[in-house]
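Student: I have a structure open in front of me, and I would like to learn how to read it one feature at a time. Could we go through it together?

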Amino acid sequence: MNPFQIAPSILSADFARLGEEVDNVLAAGADIVHFDVMDNHYVPNLTIGPMVCEALRKHGVTAPIDAHLMVSPVDDLIRMFIDAGATYITFHPEASQHIDRSLQLIRDGGCKAGLVFNPATPLHYLDHVMDRLDMILLMSVNPGFGGQKFIPGTLDKLRETRQRIDASGHNIRLEIDGGVKVDNIREIAEAGADTFVAGSAIFNTEDYKATIDQMRAELAQ
Ligand code: DX5
Ligand code: ZN
């Protein structure tokens, strides 16, 4: 497994050709499919749900699918994404009435569990659940839309989160989401991230492989 994982966000893919787009980005070297779920309630946008996740599995996608739930409440959709074949399921702690229960639900369903922090969401939500996490996702934009600019203050938050993960001794991936590009991925990695969501930076380019190769070259330096 690559120590650094690239997770293209299909939010910026051509939804009319989604299966082909996912095949292409995986053939181009992506590690994980980042699947943004928005409910027009928790965030002001509406995207795709478990049926589309299931359709990608039926299409033949075997790569990990990282379901990022920007929804409230969360538990019903957690159950549906377990059944739909998600690998990771992450949710925003303030969108769940019972964070511990939602995390348990994910692992009981055989999936990997994660919490997502908006730019202004404090890290104290981590205090009592480190042993229940497989992933921590820091948002470096406010959730709801692709193509926004990376918020620089996230770098300090990444450093703090990296320290907390290392001190915990648990095997937790640290994912970053929003405004990740070829020209900032290296400093984001230096701040502690190991999993990089990139939507517009990959899907808005002609040659996905060239872009992912450039990202890996930056990470290798
Ligand atoms: C935003 C989503 C992101 C988004 C990232 O709410 O969670 O995954 O697609 O898009 P870019 O990489 O274009 O900022
Ligand atoms: Zn996302």
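What follows is a conversation about a metal site, a pair of helices and a few individual residues.

Tutor: Before we begin, please keep in mind that this is a predicted model.

Student: Let me start with the metal: which residues coordinate the zinc ion (ligand 2)?

Tutor: To read a metal site, one looks for the atoms that act as donors and then for the residues that carry them. Here the zinc ion (ligand 2) is held by His34 through NE2, Asp36 through OD, His68 through ND1 and Asp177 through OD, at 2.0 to 2.3 Å. Along the chain, these donor residues follow the spacing H-x1-D-x31-H-x108-D.

Student: Why is the arrangement around the zinc ion (ligand 2) called octahedral?

Tutor: The name of an arrangement rests on the angles between donors, and six donors count as octahedral if opposite ones are over 155 degrees apart and all others lie between 65 and 115. Around the zinc ion (ligand 2) there are 6 donor atoms, and because the angles they subtend run from 69 to 170°, the arrangement is octahedral.

Student: Where do His34 and His68 lie, and are they buried or exposed?

Tutor: His34 belongs to strand β2 (residues 33-38) and His68 to strand β3 (residues 65-70), so this pair ties together parts that are 34 residues apart in sequence. His34 is buried, and His68 is buried as well.

Student: Now the helices: at what angle do α1 and α2 pack?

Tutor: For a pair of helices, one reads the angle and the separation of the axes, and then the residues that meet. Helix α1 (residues 18-27) packs against helix α2 (residues 50-59) at about 65°, their axes being 10 Å apart, and the crossing is right-handed. On the α1 side the residues are Leu18, Gly19, Glu20, Val22 and Asp23, and they meet Val52, Leu56 and His59 of α2. Sorted by class, this contact has 4 nonpolar, 2 polar and 2 charged residues.

Student: Turning to single residues, why does Asp31 count as buried?

Tutor: Burial is read from relative accessibility, and the cut-off for buried is under 20%. Asp31 has a relative accessibility of 14%, and therefore counts as buried. Asp31 sits in the loop between α1 and β2, and its C-alpha atom is separated by 6.0 Å from that of Ala7, although the two are 24 residues apart along the chain. Beyond its neighbours within four places in sequence, Asp31 is in contact with several residues, among them Phe4, Ile6, Pro64 and Arg216.

Student: Is His170 buried, exposed or in between, and why?

Tutor: The same kind of reading applies, with partly exposed covering the range between under 20% and over 50%. His170 has 36% relative accessibility, so it counts as partly exposed. His170 lies in the loop between α5 (154-168) and β7 (173-177), where, leaving aside neighbours within four places in sequence, its contacts are Met130, Asp131 and Ile165.

Student: What should I notice about the backbone at Asn40, and which bond joins Ser72 and Pro73?

Tutor: Backbone geometry is read from torsion angles, taken residue by residue. Asn40 is not a glycine, yet it has a positive phi of about 55°; it is placed in the loop between β2 and α2, and with a relative accessible area of 53% it is exposed. Ser72 and Pro73 are joined by a cis peptide bond, with omega about -5°, and Pro73 is in the loop between β3 and α3 (75-83).

Key: Residues are numbered from 1 along each chain as its sequence is written. Chains are lettered from A and ligands numbered from 1 in the order in which they are written. This is a predicted model: local features need pLDDT of at least 70, side-chain atom pairs count only at pLDDT 80 or more; totals for chains, interfaces and linings use all residues. Side-chain values use heavy atoms; hydrogens and water are left out. Donors are N, O and S atoms within 2.8 Å of the metal (3.2 Å for Na, K and Ca); water is not among the atoms, so sites may look incomplete. Four donors count as tetrahedral if all angles lie between 85 and 135 degrees; four count as square planar and six as octahedral if opposite donors are over 155 degrees apart and all others between 65 and 115; anything else is irregular. Helices (H or I, at least four residues) and strands (E, at least two) are DSSP runs, numbered from the N terminus. Buried means under 20% relative accessible area, exposed over 50%, partly exposed in between (1.4 Å probe, protein chains only). Axes are lines fitted to C-alpha atoms, for helices over the stretch in contact, and angles run from 0 to 180 degrees between N-to-C directions. A crossing is left-handed if the near helix is turned anticlockwise from the far one by less than a right angle, and right-handed if clockwise. Contact means heavy atoms within 4.5 Å. Ala, Val, Leu, Ile, Met, Phe, Trp, Tyr, Cys and Pro count as nonpolar, Asp, Glu, Lys and Arg as charged, and the others, Gly among them, as polar.
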